[in-house]
Amino acid sequence: MFEDRIRNVSLRSRVLSVDEVQGWIHDGMTIAVSGFTKSGDAKAVLKALSRRISKTNENTRIRLLSGASLGDTDKILAEKGGIFFRLPFQSEPFLRDRINRGDIEYVDQHLSETAEWVRSGWFGKIDFAIIEATAITEDGGIIPTTSVGNSPIFVEKADKVIVEINLSAPLDLEGFHDIYVPAARPHRKPIPLVNVADRIGTPYIPCSPEKIVAIVLSTEEDTPSTVSAADPDTHAMAEFIKEFLVHEVRRGRLPRHIGPLQIGIGSVTNAVLSGFGNSPFDRLELYTEVMQDAAFELLDAGKVQLASSCSFTLSRSMREHVLSHLGQYQNRVVLRPQEISNHPEIVRRLGVISINAALEVDIYGNVNSTHVFGTRMMNGIGGSGDFARNAALSIFVTRSTAKDGKISSIVPFVTHVDHPEHDVDVIVTERGIADLRGLSPRQRAREIISHLVHPDYKDELIEYVRRAESLGGHTPHVLSEAWDWHFRMLKYGDMRSLVHAARSDVLEFASQYRREPF
C-alpha cells in the first residue's frame, strides 16, 4: 500500500494516525515544521494537537519554528493557546493579535538567517521536525511538496522526524527540488550556484530512515493565497518600473537581458510583476523566495524562461492549473531551501533586481515594512532585507495613500525602520518613481516629495522640509513634529486633520499617548 509514496520498505510499518502521533507532543517542546507562505506546510499533526487541547483543556504550548507563514495551523493553534513562541514570520490576523497583545513571543527575522540559528544550536534541542512530503525515497530521502523553506536544516537537527505524506500532492512534483545544505561555519565552502537554473544538491532532503519515527497520511491542500487583481495604481507602478529599467539598459547600467527579478509576497508586488507581460524584456529570469500567480502567468506567456524559488504560493485556480501541468514547468523551475533562495552571496553574485512592498517610507528613503504606528506588528520583514541590501537594484513599491486617502504612505519620519535609506535605491508609487542613488539626504527629500507624494500631503511635506533644513543637520528633522501625522491619525482617524485642529491639540494628544501606550 502506497509503495509509490513510501519506497523504503522498512518505513511502511511506521504509518500512524494523527491522533497517535500528536500525543507525543508536550508542553514546552520545540517543534519545527515545513511550510513557507502557506505553502507545503505541515498540517495534519498540529491540527490534531489543537483538537486535543480543545477537548482536554490542557495547558500545552509549543515553540513553533517554520520557514515562513503557515496556513490555517497558525490560527487554529493560536486560538487554542497552543503557541508560546513563534519564529520567523507569520501573516495570520488572530496570531498577529496575540503577538501584539504580548500573549505570544515573536521574533521577526531575516528569512535567510533562521537556518544559521538552528545550525549553531541557538534553539537548543528541536524535539520534532514535522515535514510535509510528496514521497519518501528508498534511502529515506524526503521529497517536499510545494515549498522547501527551512525543512532541510530542521530534518538535520531535530531529534525525531515525522513525515506527513500528502496524497493530494502530485508525484510529478518529484524533480523540482534542489536541496543544498551549507556546511557549518567557519571554513564553509562557497555555494557553487552561478546561474538561476543551476542544480547543486539533491532532489530530496537527505534523512536517515532511523530518524523517521512516524509517517502520517494527509490529503489537506495548501491554503490558497488571496491575491488581488491588478488595478490602475499597480498598473502605473509597473509602467514606471519598466520605463526605468529600459532607461537603465540604454544608459549601459544594466545588461540588455536584465538580471533576475525577485518579487516579494503580496497583491501589489504580484500585480507589478504581472505588468512585465507587456514589456520589451524577454527571456526574463526569476531568483526569488516566492512564486505567486504572476510568475506562472509569465512562464506560460514565454516572458519568463527560468525561475528559482523557495515555494509556490498560489490562488486556488492557479494552483489547480500548475499542479495539473507540472510537466511543462519541470525543466524551467527549481525549488530551493530558503537559506539558498535568500542567500546574500548569491543575490549579489547574480545581480538580482529586487522589488518589495512597503507599509510606509519617509522623505529620506527609510522603509517601514512591518509595524503600524511603530508598535503593532503586521507580518514581518520576511526576505525583503535579504534582497534589499544585496540586490543590484533595490526597489520598494507602495501606494501613495491608504484608507481612502486618510493615511499618507510617505511621511516625514517612519515610525519603524526595517530598511534604512542605505539599502533603498528606488521607490515607486502610482504617482511616480524616485531614483535615490547618489543623492544626499536633502536631495532625496526633494526627489521623493516631487515624484511620489499625493497632492493632499505635498505642500505640508514641503513646508516640513523647509523648517527642518532651517535647523541644520545632514539629515534635517524637526523632531518635535516628525511623528505628528501619526498622532493625528490616532486621534482623528485622518492624517490630514491638522487642517481642522490646532497644533497644540495634537501636541497634547501626543503627550497623552506617551503616558498611555496605544
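In the predicted model, Pro 186 is found in the loop between β7 and β8, and the peptide bond that leads to this proline from Arg 185 is cis, with omega near 0°. A cis peptide bond, with omega about 0°, also joins Leu 87 and Pro 88, and Pro 88 has its place in the loop between β3 (83-87) and α4 (93-101). The loop between β7 (158-166) and β8 (212-218) holds Asp 172 as well. The C-alpha atom of Asp 172 is separated by 8.3 Å from that of Leu 323, although these positions lie 151 residues apart along the chain, and, when neighbours within four places in sequence are left aside, Asp 172 is in contact with Leu 326 and Gln 330.

Strand β7 itself contains Val 163, which counts as buried because its relative accessibility is 0%, under the 20% that sets the limit for this class. Residues up to four places away in sequence not being counted, Val 163 touches Ile 131, Ala 133, Ile 136, Ile 142, Ile 212, Ala 214, Ile 215 and Val 216. Its C-alpha atom is separated by 10.0 Å from that of Val 33, a residue 130 positions away along the chain.

Backbone torsions provide two further features. Most residues other than glycine have a negative phi, and most peptide bonds are trans. Thr 37, in the loop between β1 (30-33) and α2 (44-56), has a positive phi near 50°; this threonine is buried, with a relative accessible area of 8%. Phe 373, likewise not a glycine, has a positive phi of about 55° and is placed in the loop between β16 (371-372) and β17 (376-377).

Helix α14, formed by the 12 residues 441-452, reaches 16 Å from its first C-alpha to its last, close to the 16 Å expected at 1.5 Å a residue. Its buried residues are Pro 441, Arg 444, Ala 445, Ile 448, Ile 449 and Leu 452. These residues cover an arc of only 125° around the axis, and they therefore lie on the same side of α14. The elements that cover them include the strands β14 (360-362), β21 (410-411), β22 (426-429) and β23 (432-435), together with helix α15 (455-470).

The second largest pocket holds about 270 Å³ of space. Its lining consists of 15 residues, of which His 110, Glu 113, Gly 385, Asp 386 and Arg 389 lie nearest the centre of the pocket. By residue class, the lining divides into three nonpolar, six polar and six charged residues.

Notes
Residues numbered from 1 in each chain as written. Predicted model: local features only at pLDDT ≥ 70, side-chain atom pairs only at ≥ 80, totals over all residues. Heavy atoms only, no water. Helix = DSSP H or I, 4+ residues; strand = E, 2+ residues; numbered from the N terminus. Expected span 1.5 Å × (residues − 1). Buried < 20%, exposed > 50% of the residue type's maximum accessible area, 1.4 Å probe, protein only. Arc of directions from axis to C-beta. Contact = heavy atoms within 4.5 Å. 1 Å grid on protein atoms, 1.4 Å probe; cavity = no way out; pocket = protein on both sides within 12 Å on 5 of 7 lines; lining within 4 Å. Points joined across faces, edges and corners; volume = space filled by probe spheres on them. Nonpolar A, V, L, I, M, F, W, Y, C, P; charged D, E, K, R; others polar.
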